[in-house]
Amino acid sequence: MGKHYRGVRRPPWGKFSAKIRDPAKNDARVWLGTFETAEDAALAYDRAAYRMRGSRALLNFPLRVNSGEPEPVPITSKRRKTSPAGSLEDLSLKRRINVEAESSVEMQPSGE
């Protein structure tokens, strides 16, 4: 990587990840996403830093933060993201549909 930006790392798989530390959460790291370019990741960091710290934020691109340009788009994960509660709801819905389908098959009169 030629240029290093604040809040941007390049993991071994080659994309650029953006993270920031949140002072309101004991300086816990906040994941901002994975981006195709280092510049997009740096801009995502800048926007998050500006939201957290306002004019005191140290930015990669100070002139671009409130310029009105669109937000950088993170790369979507290949894995399906579901919450554990959401997956349980999906599972119970599938079970209910299967039970209803089985009961409707049992209730149909046979051709005898």
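# How the labels in this model are earned

Guide: From the N terminus on, the protein chain runs β-β-β-α-α. This is a predicted model, in which local features need pLDDT of at least 70 and side-chain atom pairs count only at pLDDT 80 or more, while totals for chains, interfaces and linings use all residues. Residues are numbered from 1 along each chain as its sequence is written, and side-chain values use heavy atoms, with hydrogens and water left out.

Visitor: What makes a stretch a helix or a strand, and how many of each are in the protein chain?

Guide: Helices are DSSP runs of H or I with at least four residues, and strands are runs of E with at least two, numbered from the N terminus. By that rule there are two helices and three strands.

Visitor: What makes the three strands an open sheet?

Guide: Two strands pair if DSSP finds at least two bridges between them. Two bridges join E1 to E2, so that pair meets the rule of at least two. Seven bridges join E2 to E3. The order is E1-E2-E3, with antiparallel pairing. Strand E1 (8–9) and strand E3 (28–35) are the edge strands, as each pairs on one side only.

Visitor: Which residues of E2 stand opposite which residues of E3?

Guide: Asp22 stands opposite Ala28, Arg21 opposite Arg29, and Ile20 opposite Val30. On the E1 side, Val8 has Ala18 of E2 as its bridge partner.

Visitor: What lies between the strands of each hairpin?

Guide: Between E1 and E2 there are six residues, and Gly14 in that turn has a positive phi of about 100°. Between E2 and E3 there are five residues, and Asn26 in that turn has a positive phi of about 55°.

Visitor: Why is Ala18 called buried?

Guide: Buried means under 20% relative accessible area, exposed means over 50%, and partly exposed is in between (1.4 Å probe, protein chains only). Ala18 has a relative accessible area of 0%, so Ala18 counts as buried. Ala18 lies in strand E2, where five of the seven residues are buried. Over the 112 residues of the protein chain, buried residues make up 25%.

Visitor: What does Ala18 touch?

Guide: Contact means heavy atoms within 4.5 Å. Leaving out residues up to four places away in sequence, Ala18 touches Gly7, Val30, Trp31, Leu32, Gly33, Phe35 and Ala41.

Visitor: Where does helix H1 lie relative to the strands?

Guide: Helix H1 (residues 38–53) lies across E1, E2 and E3, and runs at about 15° to E2. Axes here are lines fitted to C-alpha atoms, for helices over the stretch in contact, and angles run from 0 to 180 degrees between N-to-C directions.

Visitor: What makes Glu36 and Lys15 a salt bridge?

Guide: A salt bridge is a side-chain nitrogen of Lys or Arg within 4 Å of a carboxyl oxygen of Asp or Glu. The closest N and O atoms of Glu36 and Lys15 are 3.3 Å apart, so the pair falls within the 4 Å limit. A search of the whole structure finds one salt bridge. The pair links distant parts of the chain: Glu36 is in the loop between E3 and H1, and Lys15 is in the loop between E1 and E2, 21 residues apart.

Visitor: Why are Glu36 and Lys15 called partly exposed?

Guide: Glu36 has 48% relative accessibility, so Glu36 counts as partly exposed. Lys15 has 30%, so Lys15 gets that label too.

Visitor: How do you know that Asp22 has no salt bridge?

Guide: Lys and Arg count as positive and Asp and Glu as negative, while His and the chain ends are not counted. The nearest side chain of opposite charge to Asp22 is Lys25, 4.3 Å away, so the 4 Å limit is not met. Asp22 is buried all the same, and is found in strand E2 (residues 16–22).

Visitor: Which residues does Asp22 touch, then?

Guide: Not counting residues up to four places away in sequence, Asp22 touches Asp27, Ala28, Val30 and Met52.
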